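Please walk through the model shown below. The text starts at one loop and then moves on to the fold, the rings, the interior and the cysteines.

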Amino acid sequence: MLGMFYKILKTGIVTEKPADDSEIGQLAPELKRMVDRQFRGSLAIRMVDAGSCNGCELEIHALNNPYYGIEQYGVHFVASPRHADALLVTGPVSRHMESALIDTYQAMPKPSYVIASGDCACDGGEFGVSYASCGAIENVLPVDLKIPGCPPSPAQLMRGLLLLMGQRNPTTLR
């Protein structure tokens, strides 16, 4: 037992330094201000996986972890499209998900945003248009914002939400 404590003292801390969170520190207050102004303090997002590899979902889930904690800035993910202000779609639209995606969009109150997250959602990615895939989200629904990346990082997603609230014309995050 003492040998283990001696080894711990001798080795020291071997974990990585925390990531530079200056970008998140700048984005988060701006996101909170925009959500308060445009959505009265609460932006509800319905996320739909239309056929992705789940890379985008992992980054989206990271938004809810204690490090990013996006809920403290008024952004919530909801289970029902009837409660959503925005539809966040990942992956190319598989033919099997096409009607479900359209039904989800039609169930949302208007006006609502549609966000394509990831390269596959923006342009079809590796899959494109085929017998099994409709390709990009814009082939099925009108898209307000495209957030490219494979997958986009949580910081890119936060920047995308800020860009979306700053303008209403269809655009692509750079």
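Pro111 sits in the loop that runs between helix H4 (95–107) and S5. The model is a predicted one. The peptide bond that joins Lys110 to Pro111 is cis, with omega at about 0°. Lys110 also takes part in a contact with a ring: it lies over the face of Tyr105, 4.2 Å from the ring centre.

A second cis peptide bond joins Cys150 and Pro151, and here omega is about -15°. Pro151 belongs to the loop between strand S7 (145–147) and helix H6 (154–166).

These loops are part of a protein with 6 helices and 8 strands. Along the sequence the elements follow the pattern α-α-β-α-β-β-β-α-β-α-β-β-α-β. Taken along the principal axes, the C-alpha atoms fill a box of roughly 65 × 40 × 30 Å. The protein has 174 residues, of which 44% count as buried.

Helix H1 (residues 2–11) is hardly covered, as 0 of its 10 residues are buried. Gly12 comes just after H1 and takes a positive phi of about 80°.

Positive phi angles also occur at residues that are not glycines. Arg40 is not a glycine, yet its phi is positive at about 55°. Arg40 is placed in the loop between H2 and strand S1 (43–49), and with a relative accessible area of 82% Arg40 is exposed. Asn54, likewise not a glycine, has a positive phi of about 80°. The loop between S1 and helix H3 (55–62) holds Asn54. The relative accessibility of Asn54 is 40%, so this residue counts as partly exposed.

Next come the aromatic rings. Which geometric quantities describe a pair of aromatic rings? The distance of the centres and the angle of the planes describe such a pair. The structure has 2 aromatic pairs. Phe39 and Tyr113 make up an edge-to-face pair, with 6.1 Å from centre to centre and 65° between the planes. Because Phe39 lies in helix H2 (residues 22–39) and Tyr113 in strand S5 (residues 113–117), this pair ties together parts that are 74 residues apart in sequence. Phe39 and Tyr113 are both buried. Tyr67 and Tyr68 also form a pair: their ring centres are 4.9 Å apart and their planes meet at 85°, so this pair is edge-to-face. The cut-off behind that reasoning is that planes over 60 degrees apart count as edge-to-face. Tyr67 is partly exposed at a relative accessible area of 38%, whereas Tyr68 is buried at 15%.

The interior can be examined for empty space. A search of the whole structure finds 1 cavity of 30 Å³ or more. About 50 Å³ of space lies in the largest cavity. Which residues line the largest cavity? The lining consists of Ile45, Leu63, Phe77, Leu88, Ile115, Ile147, Leu157 and Leu161. By class, this lining comprises 8 nonpolar residues, with no polar and no charged ones.

Gly118 is another residue to locate. Its place is the loop between S5 and helix H5 (119–123). Is Gly118 buried or exposed? Its relative accessible area is 0%, so Gly118 is buried. From C-alpha to C-alpha, Gly118 and Ser153 are 9.6 Å apart in space, with their positions 35 residues apart in sequence.

The cysteines remain. How many disulfides does the structure hold? The count is 0. Cys122 is in no disulfide, and the nearest cysteine sulfur, in Cys56, is 8.7 Å away. Cys122 counts as buried because its relative accessibility is 9%, which falls under the 20% limit for buried residues. For Cys150, the closest cysteine sulfur is that of Cys120, and their separation of 5.8 Å is too far for a bond. The cut-off that decides this is 2.5 Å between cysteine sulfur atoms. Unlike buried Cys122, Cys150 counts as exposed, at 66% relative accessibility. Cys150 is also the residue that a cis peptide bond joins to Pro151.

Key:
Residues are numbered from 1 along each chain as its sequence is written. This is a predicted model: local features need pLDDT of at least 70, side-chain atom pairs count only at pLDDT 80 or more; totals for chains, interfaces and linings use all residues. Side-chain values use heavy atoms; hydrogens and water are left out. Rings of Phe, Tyr and Trp (its six-membered ring) pair if their centres lie within 6.5 Å; planes under 30 degrees apart count as stacked, over 60 as edge-to-face and the rest as tilted. Helices (H or I, at least four residues) and strands (E, at least two) are DSSP runs, numbered from the N terminus. Buried means under 20% relative accessible area, exposed over 50%, partly exposed in between (1.4 Å probe, protein chains only). A charge sits over a ring if NZ of Lys or CZ of Arg is within 6 Å of the ring centre and within 35 degrees of the ring normal. On a 1 Å grid over the protein atoms alone, a cavity is a set of points where a 1.4 Å probe fits but cannot get out, and a pocket is an open set with protein on both sides within 12 Å along at least five of seven lines; lining residues have an atom within 4 Å of a point. Grid points are joined across faces, edges and corners, and a volume is the space filled by probe spheres set on the points. Ala, Val, Leu, Ile, Met, Phe, Trp, Tyr, Cys and Pro count as nonpolar, Asp, Glu, Lys and Arg as charged, and the others, Gly among them, as polar.
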